[in-house]
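Here are my notes on the model you sent over. Have it open while you read, and go through the points in order.

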Amino acid sequence: MAFAASANSTPATPTQVEIGYLGRDYPEPLPVSLLEPVISDQGVQGARLGVNDNLATGRFLGQSYHLDEKMTPKDGDVVADAKALLQMTHLLLADLEPEDLLRVADLPEARDAIIVNVRTSDDELRGKDCRRNVFHVAPSWAMRADALAQYMAWKRWNTWLLLRGATKQDIYYANAMKRAAKKFGSTIAEERTIAFDPGNRRSETGHQQIQAQIPMLTQSPPPHDIVFAADTNDTFGEYLLWRTSVPKPVAGTHGLVAVAWHRSYEQYGGVQLQNRFLAMAKRQMTERDYMAWLAARVFGEAVTRAQNADIGGLRTYLLSKDFQVAGFKGQGMSFRSWDRQLRQPIILTGPRSLVSMSPQDGFLHQKHLTDTLGVDAPETACKLPG
């Protein structure tokens, strides 16, 4: 089991901190373009770099870190793998979809664990399905939508055409966009569900088929300033750019995107993290890599600062006003007490360059400006003891 270093720890007798990484071989959408490589190790590479960073600091403080990795096969038993990890440590990085995350969190063996979600943006996991033992470094759909809505308000692009796919996550993101529009004074002019099969897009005439189909799917829209896309499976969103029936910019899952991390990001020393990851993994850092790195650093920071030798002490410290973790975003980041969500600035970026960061100037909050992104305490549906 993982413990924080005690006051009597010395470099000669290092405290061993075990961190577990639990993922699963979920179906991943294939890249739209050959320019994007197929990546089979998202997340875990970021966790490895985070543990290496913990080691770099920990060796001066009498701490030693080790990452125990389990990747459940597509048809494997994620609960059995979770139980095996929980025998070694109660500090878990969970690279899991919502259903699997809840199954693991609800295990009796996980009752006293600290599980950090590094994958899913599902708002219900921060709301009615929240758990005392689950923390979130992945931004919620509400945070992503609010980050974009603030920028649209700043631009005065206040009328949106909302296009969404039919998956559960598409619906969740679309709902978050509708909530954000109402919150920041914008209007959804129309919402459309898009069912689109690009066919053989790499055939000689593939681009011609798409060029003809997208204008038909977006024809005769009401007046709008911007197209919002909720297409988490990459079925149509990439093809909206330059092809809609009315020439408008695109945002959401494609075009201008709201993310925790992006390969274009270089602010606040971010290029240094990008380069270190590239040297280790031989590829660029994805958002999921960053979130797993950040979660590993959350544990490293808590162990270093808490000076408490039990999991309960670490949990208390993570939710205290004293906890902050650095993430190359210009400010310390902390957890919201009401839903265990990490408050953080959100990057707004195009495919190759940073556009902005939210919260935007002028959006104020009585305590934390980053609490203008997502669900604030008075709005939360999360009901946790204490």
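1. Start with Val 257, which sits across from Thr 349 of strand 13. These residues belong to strand 10 (residues 256-259) and strand 13 (residues 346-349), an antiparallel pair held by three bridges. For the terms: strands are DSSP runs of E with at least two residues, helices are runs of H or I with at least four, and both are numbered from the N terminus. Two strands count as paired if DSSP finds at least two bridges between them.

2. A word on the ground rules. This is a predicted model, where local features need pLDDT of at least 70 and side-chain atom pairs count only at pLDDT 80 or more, while totals for chains, interfaces and linings use all residues. Residues are numbered from 1 along each chain as its sequence is written, and side-chain values use heavy atoms, with hydrogens and water left out.

3. Zooming out, strands 10 and 13 are part of an open, seven-stranded sheet ordered 7-6-8-9-10-13-14, with mixed pairing. Strand 7 (187-193) and strand 14 (354-358) are at the edges with a single partner strand each, so one side of each has no neighbour in the sheet. On average, neighbouring strands here are turned by 25 degrees against each other, direction ignored. Axes are lines fitted to C-alpha atoms (for helices, over the stretch in contact), and angles between N-to-C directions run from 0 to 180 degrees.

4. Which strands does helix 5 touch? Helix 5 (residues 168-183) packs on this sheet against strand 6 (159-164), strand 7, strand 8 (226-230), strand 9 (250-252) and strand 10, and its direction makes about 170 degrees with that of strand 6. Contact here means heavy atoms within 4.5 Å.

5. There's also an open sheet of five strands, ordered 2-1-3-4-5 with parallel pairing. Its edge strands, strand 2 (63-72) and strand 5, pair on one side only. Strands 4 and 5 run parallel and are joined by three bridges, with Val 116 opposite Phe 135 of strand 5.

6. Now the cysteines: a search of the whole structure turns up one disulfide (sulfur atoms within 2.5 Å). The partners are Cys 130 and Cys 382, with sulfurs 2.1 Å apart. The S-S torsion is about 95 degrees, so this disulfide is right-handed. Cys 130 lies in the loop between strand 4 (114-117) and strand 5 (134-136), while Cys 382 is in the segment after strand 14, 252 residues apart. Both Cys 130 and Cys 382 are buried, meaning under 20% relative accessible area (exposed is over 50%, partly exposed in between; 1.4 Å probe, protein chains only).
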